[in-house]
Amino acid sequence: KMSEKKNYSKKFASEFSPVLKFFGIKPSGNLFKDISSLATNLDEKKIEENIFKAIFQCYDTDGSGSLEKDEFVKLFKDIAVALDDEELKKFDDDLIGLAYKAVLEECDKNKDGVLQYDEFKA
C-alpha cells in the first residue's frame, strides 16, 4: 500500500501556499485536492475582490483598516506610475489631497474622514 504524501516539497509549498491563501483556501498538503479547490475558486468576482483586498491591505500601512490621506497619496502615485500616465504623474501631494477629499465626499458613507475597505472597493 502506497502511503499518501501529506506535504508538498518545501520549495513548492513556499510558492504555492500563498496563492492558495490569497484565494482563501487552506492548503491541505494534497496537491490535486488543492489545485481542484483553487480551480473552483477562480471566478472573476472572487479574483477581483481578493485583488482589491490585497491592494487595500498593502496601502493600509498602519493596519488601521482604513486609508488615510498619506496612504491614499502613495496609492495614487503608484497608480500613476503603473498606468504610465504623464498627467497623473504631474499631480503633487496637495492636488492628490484634493482628489482624496473628492473621493471621501463621494465614498465616505460613514463620514469618518477616512476610506474604509467597503468604501474603497465601491
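# Exercises on aromatic pairs, helix H6 and salt bridges

At 29% relative accessibility, Phe52 counts as partly exposed; this class lies between buried (under 20% relative accessible area) and exposed (over 50%), with a 1.4 Å probe and protein chains only. The model is predicted, so that local features need pLDDT of at least 70 and side-chain atom pairs pLDDT 80 or more, whereas totals for chains, interfaces and linings use all residues. Residues are numbered from 1 along each chain as its sequence is written, and side-chain values use heavy atoms, without hydrogens and water.

**Exercise 1.** Classify the ring pair of Phe52 and Phe120 and locate both residues.

*Solution.*
1. Rings of Phe, Tyr and Trp (its six-membered ring) pair if their centres lie within 6.5 Å; planes under 30 degrees apart are stacked, over 60 edge-to-face, and the rest tilted.
2. The structure holds seven aromatic pairs. In the pair of Phe52 and Phe120, the ring centres are 6.1 Å apart and the planes stand at 75°, so the pair is edge-to-face.
3. Phe52 belongs to helix H3 (residues 44-59) and Phe120 to helix H7, so the pair ties together parts 68 residues apart in sequence. Helices (H or I, at least four residues) and strands (E, at least two) are DSSP runs numbered from the N terminus.
4. Phe120, at 17% relative accessibility, counts as buried.
5. One aromatic cluster is formed by Phe52, Phe56, Tyr117 and Phe120.

**Exercise 2.** Classify the ring pair of Phe72 and Phe76.

*Solution.*
1. The ring centres of Phe72 and Phe76 are 6.3 Å apart and the planes are at 45°, so the pair is tilted.
2. Phe72 and Phe76 are four residues apart in helix H4, a separation of about one helical turn. An α-helix has 3.6 residues a turn, so residues three or four places apart point the same way.
3. Phe72 and Phe76 are both buried.

**Exercise 3.** Describe the span of helix H6 and the distribution of its buried and exposed residues.

*Solution.*
1. H6 (residues 93-107) has 15 residues; from its first C-alpha to its last it reaches 20 Å, close to the expected 21 Å, which is 1.5 Å times one less than the number of residues.
2. Its buried residues are Ile96, Gly97, Tyr100, Leu104 and Cys107. They cover an arc of only 105° around the axis, which puts them on the same side of H6; the arc is taken from the directions from the helix axis to the C-beta atoms.
3. Asp94, Leu98, Glu105 and Glu106 are exposed on the other side of H6.
4. The cover of the buried residues includes strand E1 (66-67), helix H4 (69-82), strand E2 (115-116) and helix H7 (117-121), with contact set at heavy atoms within 4.5 Å.

**Exercise 4.** Characterise the salt bridges formed by Lys74, Lys89 and Lys90.

*Solution.*
1. A salt bridge requires a side-chain nitrogen of Lys or Arg within 4 Å of a carboxyl oxygen of Asp or Glu. The structure holds seven.
2. Lys74 is bridged to Asp78, with the closest N and O atoms 3.1 Å apart. These two residues are four places apart in helix H4, about one helical turn. Lys74 is partly exposed at 45%, and Asp78 is partly exposed at 26%.
3. Lys89 is bridged to Asp84, with a closest N to O distance of 2.7 Å. Lys89 is partly exposed at 35%, whereas Asp84 is exposed at 52%.
4. Lys90 is bridged to Glu87 at 3.3 Å between the closest N and O atoms, and both residues are exposed.
5. A network of salt bridges links Glu49, Lys53 and Lys121.
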